[in-house]
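Let's walk through this one together, starting with a helix and what it tucks away. Have the sequence and the model open side by side.

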Amino acid sequence: MKVGVMILNAMFLLLFISTVIGEWGDAPAIIAGIGIVSVVINSVFILLRTKGDFES
């Protein structure tokens, strides 16, 4: 389960990064920057607080 959620987070992270690059200085870039911070915090939380997929 953790691997699937991390892949989903990576997809959103790429989406937000491409928005920041494409809309630099505009409002969508600011919103995407907030999204990047949220996804990174979420990823760190998932890595630290959930059990691994392959643990017994």
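In helix 1, the buried residues are K2, N9 and V20; buried means under 20% relative accessible area, exposed over 50%, and partly exposed in between, with a 1.4 Å probe and protein chains only. Look down the axis of helix 1 and those buried residues fall within an arc of 30°, so they line one face of the helix. That arc is taken from the directions from the helix axis to the C-beta atoms. Part of the cover over them comes from helix 2 (27-49).

A word on the model: it's predicted, so local features need pLDDT of at least 70 and side-chain atom pairs pLDDT 80 or more, while totals for chains, interfaces and linings use all residues. Residues are numbered from 1 along each chain as its sequence is written, and side-chain values use heavy atoms, with hydrogens and water left out.

Now flip to the other side of helix 1, where I7, M11, L14, I21 and G22 are exposed. M11 counts as exposed because its relative accessibility is 52%. M11 also joins V3, I7, L8, F12 and L15 in a nonpolar surface patch of about 560 Å². Patch members have over 30% relative accessible area and no salt bridge (a side-chain nitrogen of Lys or Arg within 4 Å of a carboxyl oxygen of Asp or Glu); like charges are joined within 9 Å, and nonpolar side chains (Val, Leu, Ile, Met, Phe, Trp, Tyr) within 5 Å. Areas come from the Shrake-Rupley method with a 1.4 Å probe, and for residues only the protein chains shown count as cover.

Zooming out, the protein chain has two helices and zero strands, these being DSSP runs (H or I, at least four residues; E, at least two) numbered from the N terminus. Of its 56 residues, 16% count as buried.

Notes. Contact means heavy atoms within 4.5 Å.
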